[in-house]
Amino acid sequence: MTALSASRSSRRTFLTNTIALSTSLSTLLPTLPSHAKEKVPITRELVSTTFASIKDELTSSSGVVATLQKLIDEGNYEDILQYTKESDAFFRKGKLGKARKLLTDDTLKGDSVLMSNAVTFDLIGINRASRPGKENKDEQLRYLQELKVDIQKFLELESTIVVDNE
C-alpha cells in the first residue's frame, strides 16, 4: 500500500466513523427545545408610544429635524457630518425599524422599507452638502425639507396597524 492510498483510506475511515458517530449521537441525545423569539403582542399603547417617539424627532425642539435645522443655520458643517451619521443609526434603524416591526399589512411593511430608505437618502443628501469643499446650505435645506416630508409620510402608517384584541 502506498502512502497516498493509505492517506485516502484513513480519510475515508475517518469520515465514515464521523458520520456514524454523529448519526448515533443524534438519535441518542434528546432534542433541544427551540428558542424562537416570542412575538410581543401589539397593543394600542405600544403603537402609540413607538410612533410618538418618531413624531418627537419631527416636532420636538431636541429632535432630529430641529437639531439639523440649528446646525445648518449655524453653518456647523463638521457637526452636521457627524450628526447625520448618528441619526441614521438611532433614528432610522432604531425608531423607524421598531415601528416597521409593528406593521400588520405585508404590503405596507414593504413600503415602510422604502420610506425608511428615503430617510437615509435625505440624511445622505444633507451630509453630502456639508462635506469640505462642497458645503451648500440650499442643498442642506432642500434635503431637510424632504426629510420632514418623509417622516410625516412614515407617521401615517400608524393608522394602518391592527392591534391585537381590538
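This is a guided tour of the structure, one selection at a time.

**The whole chain**

Start with everything shown as a cartoon. The model is predicted. The protein has 6 helices and 0 strands. From the N terminus, the elements read α-α-α-α-α-α. Now colour by burial. Of the 166 residues, 30% count as buried. Next, think about contacts between residues at least 6 apart in sequence: 75% of them join residues at least 24 apart.

**Stop 1: helix H2**

Select residues 44-59. This is helix H2, with 16 residues. Place a distance between its end C-alpha atoms. They are 22 Å apart, which agrees with the 22 Å that 1.5 Å a residue should give. Now show side chains. Val47, Thr50, Phe51, Ile54, Glu57 and Leu58 are buried. Notice the spacing along the helix. An α-helix has 3.6 residues a turn, so residues three or four places apart point the same way. What do the buried residues of H2 pack against? Their partners are H3, H4 and H6.

**Stop 2: helix H5**

Move to residues 106-128. Helix H5 has 23 residues. From first C-alpha to last, H5 reaches 33 Å, close to the 33 Å expected at 1.5 Å a residue.

Look at the start of H5 before going further. Select Asp105 and Thr107. A side-chain oxygen of Asp105 comes to within 2.8 Å of the backbone nitrogen of Thr107.

Then show the buried residues of H5. Among them are Leu108, Ser112, Met115, Ser116, Ala118 and Val119. Further along, Thr120, Asp122, Leu123, Gly125, Ile126 and Asn127 are buried too. The buried residues of H5 pack against H4, H6 and helix H3 (64-74).

Stay on H5 and pick Ile124. Is Ile124 buried or partly exposed? With a relative accessible area of 31%, Ile124 is partly exposed. Add Asp88 to the selection. The two residues are 36 apart along the chain, yet their C-alpha atoms are separated by 9.0 Å.

**Stop 3: H4 against H5**

Keep H5 on screen and add H4, residues 77-102. Two packed helices are described by the angle between their axes and the distance between the axes. The axes of H4 and H5 come within 9 Å and cross at roughly 170 degrees. An angle over 145 degrees counts as roughly antiparallel, and that makes H4 roughly antiparallel to H5.

Show the contact side chains. On H4 they include Ile80, Leu81, Thr84, Asp88, Phe91 and Arg100. On H5 they include Lys109, Ser112, Ser116, Thr120, Leu123 and Asn127. How many residues of this contact of H4 with H5 are nonpolar, polar and charged? The split is 8 nonpolar, 7 polar and 6 charged.

One more click on H4: Asp79. At 39% relative accessibility, Asp79 counts as partly exposed. Leu68 is 11 residues away in sequence and 9.3 Å away in space, C-alpha to C-alpha.

**Stop 4: H4 against H6**

Hide H5 and show H6, residues 137-155. H4 and H6 pack at an angle of about 10 degrees, with their axes 13 Å apart. That makes H4 roughly parallel to H6. From H4, the contact is made by Tyr77, Ile80, Phe91, Leu96, Ala99 and Arg100. From H6, the contributors are Lys137, Gln140, Ile151 and Phe154. By type, the residues of the contact of H4 with H6 come to 7 nonpolar, 1 polar and 2 charged.

**Stop 5: Gln140**

Zoom in on Gln140, in helix H6. Why does Gln140 count as buried? Its relative accessibility is 0%, and buried means under 20%. Show Ser130 next. The side chains of Gln140 and Ser130 make a polar contact at 2.6 Å. Leaving aside neighbours within four places in sequence, Gln140 is in contact with Ile72, Tyr77, Ile80, Ile126, Ala129 and Ser130.

**Stop 6: Val162**

Finish in the segment after H6, at Val162. With a relative accessible area of 54%, Val162 is exposed. Select Ile42 as well. Val162 and Ile42 are 120 residues apart along the chain, and their C-alpha atoms are separated by 8.1 Å. Not counting residues up to four places away in sequence, Val162 touches Ile42 and Thr104.

Conventions. Residues numbered from 1 in each chain as written. Predicted model: local features only at pLDDT ≥ 70, side-chain atom pairs only at ≥ 80, totals over all residues. Heavy atoms only, no water. Axes fitted to C-alpha atoms, helices over the stretch in contact; angles between N-to-C directions. Helix = DSSP H or I, 4+ residues; strand = E, 2+ residues; numbered from the N terminus. Parallel < 35°, antiparallel > 145°, perpendicular 65-115°, else oblique. Contact = heavy atoms within 4.5 Å. Nonpolar A, V, L, I, M, F, W, Y, C, P; charged D, E, K, R; others polar. Expected span 1.5 Å × (residues − 1). Buried < 20%, exposed > 50% of the residue type's maximum accessible area, 1.4 Å probe, protein only. Polar contact = N/O pair within 3.5 Å; in protein donor to acceptor, adjacent residues only side chain to side chain.
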